[in-house]
Amino acid sequence: MHNFTPFSALLGGILIGLSSAALLLLEGRIAGIAGICAGAIIPRKGETAWRVSFVAGLLVGGMILRIALPSSFNFGIIRPYGALVLAGLLVGFGTRLGNGCTSGHGVCGIGRLSPRSMIATMTFIASGVLTVYLVNHVLGGMR
Amino acid sequence: MKASVASFVCGIVFALGLGISGMTQPSKVIGFLDIAGAWDLSLAFVMVGAIGVYFVAFRMIRMRRAPMLTGRFSIPTRNDIDPQLILGATIFGAGWGLGGFCPGPAITSLASGAAPVVVFVASMVAGIYLYAMMPNLGSHETKMAAPAEDLSAGAAVGNR
């Protein structure tokens, strides 16, 4: 197990939890990034402003990381463009059909013990494990 | 206005958490999912930290009648396991494993200006639109709880 970084992972996770908790405390909203993203680009009355602001915050946070912690963007593995196009389509479509992603189901959903989110999280991790197995060990890592 | 500023600040903190935890690096995500390769357990620690904080905070926050800046909580109340949930999670997991990005880290990583991230996010947006254009799928909305009648939180408030 190389590259194992438990302390920074735990610290970053705590920040993600605090941000999600603050969004609930202040605005009563669930920090599901897929839903926030969809709501920001497909506007609905009264539902759009907070989502656009959150996405803007993610981008500004990314700019801060670029200056303060540039290693955040040492991607390590970048798949070929064709694979990234397919991956993006699957992530966009799948998170809408399944009502959530790693943040909405994986953090907020499990954090409130939602059965749907627990099932969804187990399902997308299993699906991800199977996909990585196929890509890395059957297709030779797509390099 | 206050609510928009709050969302903005939450977004910044969320992005910093993603960067510090290593989740903006597809090698860490793929490393976690690659149980047959050089397995990297870090992502599990991210989830433990995030879920742990949220688990405690959720129970405290739900004792309030309303959030601080808005009139009501918008929390999903569905408990049914429908085929869309399973199929959607399966499709999402496949894309997550293939690209190594999920929505939050992908948007945050746009700040790097790297072309592969731009391609991934553009495709993700196309996937979101594709879903919205499908008439039978695009109509189902997540039910939200009215204040004080939230099913999933009922148990939480009960065993405080």
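Hi everyone, this is a short tour of one residue, A:Leu90, and the contact between chains A and B around it.

A quick word on the source: this is a predicted model, where local features need pLDDT of at least 70, side-chain atom pairs count only at pLDDT 80 or more, and totals for chains, interfaces and linings use all residues. Residues are numbered from 1 along each chain as its sequence is written, with chains lettered from A and ligands numbered from 1 in the order in which they are written.

So where does A:Leu90 sit? Look in helix α4 of chain A, residues 81-97; helices here are DSSP runs of H or I, at least four residues, numbered from the N terminus. A:Leu90 counts as buried because it has 25 C-beta neighbours inside 10 Å; the cut-off is 20 or more other C-beta atoms within 10 Å, with C-beta atoms placed from the backbone.

Which residues does A:Leu90 touch, leaving aside neighbours within four places in sequence? They are B:Ile91, B:Phe92, B:Ala94, B:Gly95, B:Leu98 and B:Gly127, contact being C-beta atoms within 7 Å. Turning to B:Phe92, its partners include A:Leu90, A:Val91 and A:Phe124.

Zooming out, the contact takes 107 residues from chain A and 109 residues from chain B. On the chain A side, α1(A) gives the most, with 21 residues.

Finally, the largest nonpolar core has 81 residues, and A:Leu90 and B:Phe92 are among those that touch the most other members. Such a core is a set of buried Ala, Val, Leu, Ile, Met, Phe, Trp, Tyr and Cys residues joined through C-beta atoms within 7 Å. Thanks, everyone!

Notes. Helix = DSSP H or I, 4+ residues; strand = E, 2+ residues; numbered from the N terminus. Buried ≥ 20, exposed ≤ 12 C-beta atoms within 10 Å, placed from the backbone. Contact = placed C-beta atoms within 7 Å.
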